[in-house]
Structures are given as structure tokens and as C-alpha cells.
Amino acid sequence: MAVLVVAALGCTPAPAPPAAQVDGARIVEREPVGERGQALTVASRALGRETPVRVLLPRGWTRGSGPWPVLYLLHGCCGAGHLGWVDEGGAERLTGELPAIVVVPEGGRVGFYSDWVRGPKWETFHIEELIPLIEAEFGASPDRAVAGLSMGGLGAMVYAARHPGLFRAAASFSGVLDTTGDRSGVRRLLRENGEDPAALWGEPDGQAWDEHNPARLAERLGGVPLYVSCGDGEPGPLDPPGASGDFEGALLSQAKVFAERARAAGAEITTDFYGAGTHTWPYWERALERALPMLRAAIGA
């Protein structure tokens, strides 16, 4: 009816403002989702294709407002992709009163937040294309934090270490934090998902493995507020009756190695090694809730 009235008056609706674009990336589609969300499709030169990004805008956001602090949430491997944080991880509920933009990007089924030796350039997309695009389109500020689960925990710590000053805080929940200590596990994940293991970081004895290993990069994180949580893989209070244990305990060992090295480097690290708990969403949702006060303080939100 509103369209008919406008036409009858001889007027046309005001055109939507053009979507921002930066060198290498542009928004080609957007769709409002829920009360605060925008589902974006971004064309990326680094990836050579289009990729989805979910953005949760703070209450009070309007075009031209800001600058707004930003929290980037990185997903894990092999499952629901970036929408897991929204559909299963409680991101929209937990950040409902957060005066910051929340960005939930796609990172590939087994992308490992890296520029592959032969393949997609996820790190370039996130760091050089997406961050400037979010700033241009939504008024995001340089006050950024990054958090992730499992593979995304690796991404959060690697991005913070490899790009000093870009993120004011980083958090890992059940993260893959010592890849050179578990080369076979990473390579198995790649094979099981139809990828050539050597296409990610090259052969297992190559330097690229160390350059993407949080435990090796921990020395670069001195002075950065960090949060690291992990369970021991035994069924815990958030698991359903009859649940079985899983591989979370192996990640706990990695988390302890990382935490020790980060602390030795002078990082402001908070650890939550909470005992019983499996590699499942209820624990990551709780971890985000527990980490949020530190992340908020770091970005002034």
C-alpha cells in the first residue's frame, strides 16, 4: 500500500545509500536479519569469490553514527560456519546491550584463518579487506577485540600476534593453540574435509607452521589482554545425560602451553580451565559470556 501511495503522489522512494567498498572488497548484497542483524555478501579479491558476513549492530546505531568499538567473533571448523555463533552460541543475546558492532565473518570450513600456500587468502580477507570495509560501512573504530572457538581460537591469537596493535584484546575458547605440537591432527582435519594438507602451510617441517602457531607466536603478545578457556573433555554440567567424553583434553594441553608462554612474555592473561566439559556449544556460549567483561573493558564498550 505504501508503494502505491508514493506512486500516486508522483514520488519515488529515496534510494538506499551506496554500499561501501575498499580496495579488494565490496558489499554486493545485504539483508536485514532480526532486530539488529545484517547478512552481508562480500565480494573479495583475496578469496576470489563472494563470502557471507553477519553483522550485529548496537542499539542506537544509525548511518553516520560512531565511531563504534568492534568485536570480531571467529568460528570453528567443519560445522555450521560463522552462523554457529548466532544460531547456537548466543552471540546476539549476549551482546544485546553491548555498545559495539559485532562482526561474525566466514572463515572457511577448514580455513585456519590463514593465507594458504595454494588456496584462499583468509588472513588477507579479514585483515586487509574486511576490517576497512566494516569501518567504511558502519562507522567502526580502531578499538577492536577478537575472540574465537576451536579453529577460531587459533585465528584470534594468530591475528593478534601477527598484527601488533590491530586488536586491543583476544580470547580463545577451546582453541587450537599449539599446531606444531599436533601437526598430524591438523593434517587429518584437512584430509577429512577434502583438502590437500600441504596446501595450507606446506609440508609439516616448513616455517609456515611456526608462523601460524599461537604457542610459537605467544612471545609477541606481551601487554595484550588475553582470555583462554578450555575443558578437559569429560562430560560436564552443560552436557546432556549419557554424553561421552571427547578430544577437548588434547586442546587443554595446548592451552596450558600457550598460556605459560604468553604469561612469560608479559601478556595480561586470564585462564579458565574449568575441568569437566566437552567440545560443544554450551561451553563456548558460557565462555563468551565470561570473557565479555574483559573484552568490553579493552575496547571501551
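Author: Buried means under 20% relative accessible area, exposed over 50%, and partly exposed in between, with a 1.4 Å probe and protein chains only. This is a predicted model with residues numbered from 1 along each chain as its sequence is written, in which local features need pLDDT of at least 70, side-chain atom pairs count only at pLDDT 80 or more, and totals for chains, interfaces and linings use all residues. Side-chain values use heavy atoms, with hydrogens and water left out.

Reader: Why is Cys78 called partly exposed?

Author: Its relative accessibility is 25%, and the class lies between under 20% and over 50%; Cys78 therefore counts as partly exposed.

Reader: What makes Cys77 and Cys78 a disulfide?

Author: A disulfide is a pair of cysteine sulfur atoms within 2.5 Å. The S to S distance from Cys77 to Cys78 is 2.2 Å, and by this rule the count comes to one disulfide.

Reader: Why is the disulfide of Cys77 and Cys78 called left-handed or right-handed?

Author: The torsion about the S-S bond is about -85 degrees, so the disulfide of Cys77 and Cys78 is left-handed.

Reader: How do you know whether Cys230 is in a disulfide?

Author: The nearest cysteine sulfur to that of Cys230 belongs to Cys77 and is 14 Å away, against a limit of 2.5 Å; Cys230 is in no disulfide. With 1% relative accessibility, Cys230 counts as buried.

Reader: Why is His279 called buried or exposed?

Author: His279 has 13% relative accessibility and therefore counts as buried. Its place is in the loop between β10 (268-273) and α11 (281-299), where strands (E, at least two residues) and helices (H or I, at least four) are DSSP runs numbered from the N terminus.

Reader: Which side chains make a polar contact with the side chain of His279?

Author: A polar contact is a pair of N or O atoms within 3.5 Å; within protein, one must be able to donate a hydrogen and the other to accept it, and residues adjacent in sequence count only if both atoms are side-chain atoms. The side chain of His279 pairs in this way with that of Ser150 at 3.0 Å and with that of Glu248 at 2.6 Å.

Reader: How do you know what confidence the predictor assigns?

Author: The pLDDT is the predictor's confidence in each residue, from 0 to 100. Its mean for the protein is 92, and 94% of the residues reach 70 or more. Over residues 1-15, the pLDDT is below 50.

Methods
Contact = heavy atoms within 4.5 Å.
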